[in-house]
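Before you read the points below, please open the model and keep the sequence beside it. Each point picks out a place to find and look at for yourself.

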Amino acid sequence: MRTRIVLAEVSRRKHRAEGAHTELTQQTRVGEALIRGLVRAQLALALQLSAVVLVGLGGLPLLFAIAPAVGRMTVLGINLPWLLLGVLSFPFLVAVGWTYVRLAERNEQDFADLVQRPER
């Protein structure tokens, strides 16, 4: 049984296997665009979560200034502003940090999947 191999088919298969990975390693315009897309996605994520922190923590003093009665409330014998800003802010920041790491890793995994995906 003989198999006929056409050189054009071999070169097409080799080119398909390379794909975006070659674009990255050779630093072509396509590779630069792929990297720029990843950097922009990570920057957008960082800015979005920074806005969450800014509104979440920065809004509390504003709330206490606008509604002084809220600032005078006590919970378990502790003033509400001290409780929110001094105690509960740390778990909030840890949760935002954890969220950022998970979403940033997802962006990187999507990028790796895009680079390693065979061309069609």
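**Notes on the model**

1. A good place to begin is a single polar pair: a polar atom of the side chain of Gln42 lies 3.4 Å from the backbone oxygen of Ala104. Please bear in mind from the outset that this is a predicted model, and that the distance is computed from its coordinates.

2. The residue that supplies the side chain, Gln42, is found in helix H2, and it counts as buried because its relative accessibility is 14%, while buried means under 20%. Setting aside residues up to four places away in sequence, Gln42 touches Tyr100, Ala104, Asn107 and Glu108. Ala104, the partner in the polar pair, is one of the buried residues of helix H4.

3. It helps to place these two helices in the whole chain, whose secondary structure comes to 4 helices and 2 strands, arranged along the sequence in the pattern α-α-α-β-β-α. Of the contacts between residues at least 6 apart in sequence, 68% join residues at least 24 apart. The C-alpha atoms of Ile35 and Phe111 illustrate such a separation in sequence, for they are 76 residues apart along the chain and yet separated by 8.7 Å. Ile35 is found in helix H2 and is partly exposed, with a relative accessible area of 38%, whereas Phe111 is among the buried residues of H4.

4. Helix H2 covers residues 29–66, and at 1.5 Å a residue its 38 residues should span 56 Å, which agrees with the 52 Å between its end C-alpha atoms. When you follow this helix, look for a kink of about 35° at Gly59, shortly before the proline Pro61. The buried residues of H2 include Leu34, Leu38, Leu45, Leu49, Leu60 and Phe64, along with Gln42.

5. Helix H4 covers residues 80–116, and its 37 residues reach 51 Å from the first C-alpha to the last, close to the 54 Å expected at 1.5 Å a residue. This helix bends by about 50° at Leu88, and the proline Pro91 follows within four residues. Among its buried residues are Leu80, Pro81, Leu83, Val96 and Val115.

6. Which residues does Ser89 contact, leaving aside its neighbours within four places in sequence? They are Leu57 and Leu84. Ser89 lies in helix H4, and it counts as buried because its relative accessibility is 6%.

7. A contrasting case is Leu76, which lies in the loop between strand S1 (74–75) and strand S2 (78–79) and counts as exposed at 84% relative accessibility. Leu76 also has a positive phi of about 55°, although it is not a glycine.

8. For the chain taken as a whole, 16% of the 120 residues count as buried. The chain exposes about 9600 Å², of which carbon and sulfur atoms supply 63%.

9. Finally, a word on confidence: the chain averages a pLDDT of 79, and 75% of the residues score at least 70. Over residues 13–17, however, pLDDT stays under 50, and the model has 3 contacts beyond four places in sequence for them. Where pLDDT is low, the predicted coordinates should not be read in detail.

Methods
Residues are numbered from 1 along each chain as its sequence is written. This is a predicted model: local features need pLDDT of at least 70, side-chain atom pairs count only at pLDDT 80 or more; totals for chains, interfaces and linings use all residues. Side-chain values use heavy atoms; hydrogens and water are left out. Buried means under 20% relative accessible area, exposed over 50%, partly exposed in between (1.4 Å probe, protein chains only). Contact means heavy atoms within 4.5 Å. Accessible areas come from the Shrake-Rupley method with a 1.4 Å probe; for residues, only the protein chains shown count as cover. The expected span of a helix is 1.5 Å times one less than its number of residues. The bend at a residue is the angle between axes fitted to the seven residues ending there and the seven starting there. A polar contact is a pair of N or O atoms within 3.5 Å; within protein, one must be able to donate a hydrogen and the other to accept it, and residues adjacent in sequence count only if both atoms are side-chain atoms. pLDDT is the predictor's confidence in each residue, from 0 to 100.
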